[in-house]
Amino acid sequence: MPNTANGEKILVVDDSDLERELLIEVLKGAGVQNEFLQARTGEEAIELLGTRYKEIGLILLDWQMPQMSGMEFMEAVMKVPPVASKMIVMITASGTDENKKKAKGVNPNLAGYVVKPYTPESLLESIRSHVRVKSN
């Protein structure tokens, strides 16, 4: 089994259990070997980052969530130096240029912006450099 220590876990943050499971299945089906952590709220994700930030290398983040949106989550994360450098890919139904600009404004280092519905290829393409993919 591959070692997933040292920031190689992927944190999936989405209020929909179905969306989180689908995203993980798509990535596993595409050969991604990283271990996954899940949070259904921004608050839950911040708690996880608070205790396990060294294990997490990539965050896949939904924009539209109740209580704390993906944007609010990013704003909070950007204020904490040890976690501000985490790679974040926004995965959202909001594909407007204005929203992409807003996301980049909050997080200039945003690693990607994937619009739902996505194809496995487009999703993998946006995160390929941040994950371990099994070679065929």
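At 9% relative accessibility, Lys9 counts as buried, and that makes this lysine a good place to start a walk through what is a predicted model. Lys9 does not sit without a charged partner: Glu35 forms a salt bridge with Lys9, with 3.9 Å between the closest N and O atoms. The pair ties together distant parts of the chain, since Lys9 belongs to strand S1 (residues 9-13) while Glu35 lies in the loop between helix H1 (17-29) and strand S2 (36-39), 26 residues apart. Unlike buried Lys9, Glu35 is partly exposed, with a relative accessible area of 36%.

Let us stay with the charged pairs a little longer. The structure holds ten salt bridges, and two of the others lie within single helices. In the first of these, Arg20 pairs with Asp17, and the closest N and O atoms are 2.6 Å apart. Both residues lie in helix H1, three residues apart, which is about one turn of the helix. Arg20 is buried at a relative accessible area of 5%, whereas Asp17, at 40%, is partly exposed.

Helix H5 (residues 97-106) offers a pair with another spacing: Lys102 and Glu98 both lie there, four residues apart, again about one turn of the helix. Their salt bridge has its closest N and O atoms 3.7 Å apart. Why do such spacings suit a pair within one helix? An α-helix has 3.6 residues a turn, so residues three or four places apart point the same way. As for their surroundings, Lys102 is partly exposed at 41% relative accessible area, and Glu98 counts as exposed at 53%. Elsewhere, salt bridges that share partners join Lys9, Glu35, Arg52 and Glu55 into one network, which brings the opening pair of Lys9 and Glu35 back into view.

Now turn to helix H2 (42-52). Which residues of H2 are buried? They are Gly42, Ala45, Leu48 and Leu49. These four cover an arc of only 120 degrees around the axis, so they fall on the same side of H2. The other side of H2 carries the exposed residues Glu47, Gly50 and Thr51.

Glu47 also leads to a surface feature. Together with Glu43, Glu44, Glu72 and Glu75, Glu47 forms a patch of negative charge on the surface. Two helices, H2 and H3 (70-78), each supply at least two residues of this patch, and H2 gives the most, with three. Glu75, another member of the patch, is found in helix H3. Why is Glu75 described as partly exposed? The reason is its relative accessibility of 39%, which falls between the cut-offs of 20% for buried and 50% for exposed.

Helix H3 has a buried residue to show as well. Met71 is found in this helix and, at 9% relative accessibility, counts as buried. The C-alpha atoms of Met71 and Val106 are separated by 7.4 Å, although the two residues are 35 residues apart along the chain.

Just before H3 in our tour comes a backbone detail worth a look. Gln67 is placed in the loop between strand S3 (56-62) and H3. Its phi is near 60 degrees, a positive value in a residue other than glycine. With a relative accessible area of 64%, Gln67 is exposed.

A second backbone detail waits further along the chain. Where does Pro117 lie? Pro117 is in the loop between strand S5 (112-115) and H6. The peptide bond that leads from Lys116 to Pro117 is cis, with omega near -10 degrees.

That loop brings us to helix H6 (residues 120-127), whose buried residues are Leu123, Leu124, Ser126 and Ile127. They share the same side of H6, because they cover an arc of only 160 degrees around the axis. On the face turned away from this buried side, H6 carries the exposed residues Glu121 and Glu125. If you rotate the model to look along H6, and then along H2, you can follow both patterns: buried Leu123 and Leu124 are among the residues to find in H6, and buried Leu48 and Leu49 are among those to find in H2.

Note on methods:
Residues numbered from 1 in each chain as written. Predicted model: local features only at pLDDT ≥ 70, side-chain atom pairs only at ≥ 80, totals over all residues. Heavy atoms only, no water. Patch = residues over 30% accessible without salt bridge, like charges linked within 9 Å, V, L, I, M, F, W, Y side chains within 5 Å. Areas by Shrake-Rupley, 256 points an atom, 1.4 Å probe, with all protein chains shown as cover. Salt bridge = Lys/Arg side-chain N within 4 Å of Asp/Glu carboxyl O. Lys, Arg positive; Asp, Glu negative; His and termini not counted. Charge placed at Lys NZ, Arg CZ, Asp CG, Glu CD. Buried < 20%, exposed > 50% of the residue type's maximum accessible area, 1.4 Å probe, protein only. Arc of directions from axis to C-beta.
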